[in-house]
Amino acid sequence: MLISPRLARLRVGLVLPLLLLTTLFWFSSLRATSSHVPEGTLEQRFPLAWKHIKSFKGTGGAWYIPPEWMSDHESQPQNILEAAQLVSKVASLDPTREIPFSNIPLIVHQTWKTSQISTWNVEILSWVEIWLKDATATERGRPMAYLFWDDDGIMTFMQHYEKDFVDSFMSYFTPVERADIFRILVCKWLGGIYADVDTEPLRHPSAWINQSDISPWTDPETGISYGVSTSGTASNNLEKIRPVNLLWGLEADTDPASSTHWRMGYTYPIQLTQWALASAQNHPVLTQFMEQLNARLRNETSDDLEVQSIKADPLTRTGPAAVTLATMTWLESQIGFRWNALTGLKDGGKAKLVSDVLVLPITGFSPGRGSYGNMGSKPASDPAAKLYHHARGSWRHFNLKVEYGKFCRTMFGLCKDWPKVA
């Protein structure tokens, strides 16, 4: 398509002012979110984080185990790996310690490089405080175990469960990619709920799956039906219906026939998020993720592998695009599932159970989006909203080319293959 000289001049004239505004917005946001809490007021403002993380005496992080989960003969764990193995075992003994309609244990995993909460951003502390309140109190739901993994705890975990992968884990991946990989592996080996520290639970995880979420639905293009019928089931028997073993949310829900997804920076028209996920132990999708990651490493065979790794895009290598590919590949290979059937654009945004994988609508883990890029996202007050991601993105770094690429894709429909992160 030819662009008139006048339009071309107009577009060029818009570029520099918008880039300047983007730069100013970036740095103002950075300043606005970099405040820390004076240590003298920490205990008063965030008593649960103070008690269960700052003052906790343990190795590899911190943990909270509901007292009723511990029997008289259970000895107290000495490190976070022992704690994680213990809660994974005892949660499996009692279905009330799992998310209803699933086999996913009510174990929350979070991670940060240090448990010294005086160095944390005040907003992060406030959201972690909510997670801890949901774990330790019963105001919104059932008791949960809470595991906070620091860098030492992650290494202990990796050396125990993924000994042959440790060298690659440390040599070829950036810190953000290692965090991406850990969340997959901790859910694979131990089960539970992973949530980034910049997420806020809007509803207790024990209320994340409802009876309607697993109900039957039909792909309008293939006519194939999925889900589980609970009609006619007595209310006292509903607890026995547990078809869900893996829970995802969407971060992108766009028309596959359009260029909307890549202009917004997504790899797939229907793309999963992984700032939060929940899984029973040993789900094959999580194994599929690791198989694909190892295959990619084997294919990066040049002598300059470390340089390639540094330049790799974590969004596609280990992030949302990677978990989308793993889930899509497994469902297609197992049951021939048509991935784009997951869209909620035509049914008002409904959860969809496929095999034992439940995918929430975009409102589930991405509520409250603005008018641009809304994709059917409803307000955070909507009953379908489970969790809010505040997108602090502390791992991102400002890069003028990346910012211009976003502008170029959005405004002009160009720069499709430019890097999306620095």
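Two strands are said to pair when DSSP finds at least two bridges between them. With that in hand, the central sheet of this predicted model can be described. It is an open sheet of eight strands with mixed pairing, in the order β1-β3-β2-β4-β9-β8-β11-β10. The edge strands, each pairing on one side only, are β1 and β10, the latter spanning residues 352-354. On average, neighbouring strands of the sheet are turned by 30° against each other, direction ignored. Helix α5 (residues 122-136) packs on the sheet, where it touches β1, β2, β3 and β4. The direction of α5 makes about 145° with that of β3.

The sheet belongs to a protein chain that has 15 helices and twelve strands. Of the 422 residues in the chain, 50% are buried. Among contacts between residues at least 6 apart in sequence, 70% join residues at least 24 apart.

The pairing can be followed strand by strand. Strands of a sheet pair through backbone hydrogen bonds, either parallel or antiparallel. β2 and strand β4 (residues 192-195) run parallel and are joined by two bridges. Here histidine 109 stands opposite tyrosine 194 of β4. On to the next pair: β4 and strand β9 (residues 270-279) run antiparallel, with four bridges between them. Tyrosine 194 appears in this pair too, standing opposite leucine 277 in β9.

β9 is in turn joined to strand β8 (residues 246-253) by six bridges, and these two strands run antiparallel. Leucine 250 has leucine 272 of β9 as its bridge partner, while aspartate 253 is partnered by isoleucine 270 in β9. β8 also pairs with strand β11 (residues 357-359), in the parallel sense and over three bridges. In that pairing, tryptophan 248 stands opposite valine 359 of β11. How many of the eight residues of β8 are buried? Eight of the eight are, so β8 is largely enclosed by the rest of the structure.

Leucine 250 also leads to a residue in a loop. Its backbone oxygen lies 2.9 Å from a polar atom of the side chain of serine 366. Serine 366 is in the loop between α14 (362-365) and β12 (387-389). Is serine 366 buried or exposed? Its relative accessible area is 5%, and buried means under 20%, so serine 366 counts as buried. Leaving aside neighbours within four places in sequence, serine 366 is in contact with Leu250, Glu251, Trp275, Ser377 and Leu387.

Next come the helices, beginning with α4. This helix covers residues 80-91, twelve residues in total, and reaches 16 Å from its first C-alpha to its last, close to the 16 Å expected at 1.5 Å a residue. At the start of α4, a side-chain oxygen of asparagine 79 comes to within 3.0 Å of the backbone nitrogen of leucine 81. Nine of the twelve residues of α4 are buried, so the helix is largely enclosed by the rest of the structure. The buried residues are Ile80, Leu81, Ala83, Ala84, Leu86, Val87, Ser88, Val90 and Ala91. They pack against three strands of the sheet, β1 (61-64), β2 (107-111) and β3 (145-149), and against the helices α6 (151-161) and α8 (175-190).

The packing of α4 against α6 can be described in more detail. The axes of the two helices come within 9 Å and cross at roughly 65°. On the α4 side the contact is made by Ile80, Leu81 and Gln85, and on the α6 side by Gly153, Thr156, Phe157, His160 and Tyr161. These residues divide into four nonpolar, four polar and no charged.

α6 has a contact at its own start, where a side-chain oxygen of aspartate 150 reaches to within 3.1 Å of the backbone nitrogen of aspartate 152. Gly153, Ile154, Met155, Phe157, Met158 and Tyr161 are buried in α6. The buried residues of α6 pack against α4, β2, β3, α7 (166-171) and α8. Among the elements packed by buried residues of α4 are β2, β3 and α8, and β2, β3 and α8 are also among those packed by buried residues of α6.

Notes
Residues are numbered from 1 along each chain as its sequence is written. This is a predicted model: local features need pLDDT of at least 70, side-chain atom pairs count only at pLDDT 80 or more; totals for chains, interfaces and linings use all residues. Side-chain values use heavy atoms; hydrogens and water are left out. The expected span of a helix is 1.5 Å times one less than its number of residues. Buried means under 20% relative accessible area, exposed over 50%, partly exposed in between (1.4 Å probe, protein chains only). Contact means heavy atoms within 4.5 Å. A polar contact is a pair of N or O atoms within 3.5 Å; within protein, one must be able to donate a hydrogen and the other to accept it, and residues adjacent in sequence count only if both atoms are side-chain atoms. Axes are lines fitted to C-alpha atoms, for helices over the stretch in contact, and angles run from 0 to 180 degrees between N-to-C directions. Ala, Val, Leu, Ile, Met, Phe, Trp, Tyr, Cys and Pro count as nonpolar, Asp, Glu, Lys and Arg as charged, and the others, Gly among them, as polar.
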